[in-house]
Amino acid sequence: MSKELYYWYKEQGRCPKCGGDPVRGKVFCINCLDRAAESERKKREKWTEEKRKMHNEQQREYHKKVREERKAKGICIECGKRPSGETQRCALCRYKINKKKREKHFAKGGMTYEERIERGRCYFCGAPALEGKRTCAKCYEREKIIAQNMRNHIKLSGFKKTRELFW
């Protein structure tokens, strides 16, 4: 196939390889995409373990570089389409990632916050809760330290003195 025909098909909104109807959001038709995927799969089956590791490392480095560039530009490191705001990902990508994590969590038998409380489990980690508490021993100790640090911070900030002036 000549370059002219390839670009003519592409300009016409057709599959550049065969002239068929392209898949929505793609350039090529479903048959050409399937053939390309099968060809790539066969090529990768022939790779040695060393070649596979080298390829994976190259891909890891490339994607790391892309994420760093996107982060420097202030756009989403995941899709590169929308501004990321204060985080590294846009709201839509964060939503999709969180949704996948939730589905995976529940597929493994995970519980919601309410279910953990109902079953007498720690509402942070899901381990068995202490008698009369909502947390396990490990989380309880962590929460005690956090509460003490908060009390110390309030004392140091003079919040109580300021509050007493107004009340």
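Contact here means heavy atoms within 4.5 Å. By that yardstick, and leaving aside neighbours within four places in sequence, Ser84 is in contact with Gly74, Ile75, Cys76, Arg89, Cys90 and Arg94. This is a predicted model, in which local features need pLDDT of at least 70 and side-chain atom pairs count only at pLDDT 80 or more, while totals for chains, interfaces and linings use all residues. Residues are numbered from 1 along each chain as its sequence is written, and side-chain values use heavy atoms, with hydrogens and water left out.

On confidence, pLDDT is the predictor's own score for each residue, from 0 to 100. The protein chain averages 88, and 93% of the residues score at least 70. Helices and strands are DSSP runs numbered from the N terminus (helices: H or I, at least four residues; strands: E, at least two). Confidence is highest in helix H3, at a mean of 96, and lowest in H7 (residues 159-166), at 58. Where pLDDT is low, the predicted coordinates should not be read in detail.

Back to Ser84, which sits in the loop between H3 and H4. Ser84 is buried, as its relative accessible area is 9%; the classes used are buried (under 20%), exposed (over 50%) and partly exposed (in between), with a 1.4 Å probe and protein chains only. A polar atom of the Ser84 side chain lies 3.1 Å from the backbone oxygen of Thr87.

The helices on either side of that loop can be checked for length. The expected span of a helix is 1.5 Å times one less than its number of residues. For H3 (residues 49-73), with 25 residues, that gives 36 Å, and the end C-alpha atoms are indeed 36 Å apart. For H4 (residues 91-107), with 17 residues, the expected figure is 24 Å, and the end C-alpha atoms agree at 24 Å. After H3 comes Gly74, with a positive phi near 85°. H4 is followed by Gly109, whose phi is also positive, near 95°. Within H3 there is His55, which is buried at a relative accessible area of 16%. Not counting residues up to four places away in sequence, His55 touches Arg44 and Trp47.

Turning to charged pairs, a salt bridge is a side-chain nitrogen of Lys or Arg within 4 Å of a carboxyl oxygen of Asp or Glu. The structure holds 10 of them. One joins Arg14 to Asp21, with the closest N and O atoms 2.6 Å apart. Arg14 is partly exposed, with a relative accessible area of 30%, whereas Asp21 is exposed, at 57%.

Helix H2 (residues 30-45) carries others. Glu40 and Lys43 lie three residues apart in H2, about one turn of the helix, and their salt bridge has its closest N and O atoms 3.4 Å apart. Both ends are partly exposed: Glu40 has a relative accessible area of 29%, and Lys43 has 44%. Glu45 and Arg41 also pair up, at 2.3 Å from N to O. What is the spacing of Glu45 and Arg41 in helix H2? They are four residues apart, about one turn of the helix. Glu45 counts as exposed at 53% relative accessibility, while Arg41 is partly exposed at 39%. Salt bridges that share partners link Glu38, Arg41 and Glu45 into one network.

The cysteines tell a simple story. A disulfide is a pair of cysteine sulfur atoms within 2.5 Å, and by this rule the count comes to zero. Why is there no bond for the sulfur of Cys18? The closest cysteine sulfur, in Cys29, is 3.4 Å away, which is too far for a bond. The sulfur of Cys32 likewise has Cys29 as its closest cysteine partner, at 3.5 Å, again too far for a bond. Buried or exposed, where does Cys32 fall? Cys32 is buried, with a relative accessible area of 4%, whereas Cys18 is partly exposed, at 41%.

Finally, a look at helix H6 (residues 137-157), where Gln148 lies. Gln148 counts as partly exposed at 36% relative accessibility. Along the chain, Gln148 and Arg102 are 46 residues apart, and their C-alpha atoms are separated by 32 Å.

Note on methods:
Polar contact = N/O pair within 3.5 Å; in protein donor to acceptor, adjacent residues only side chain to side chain.
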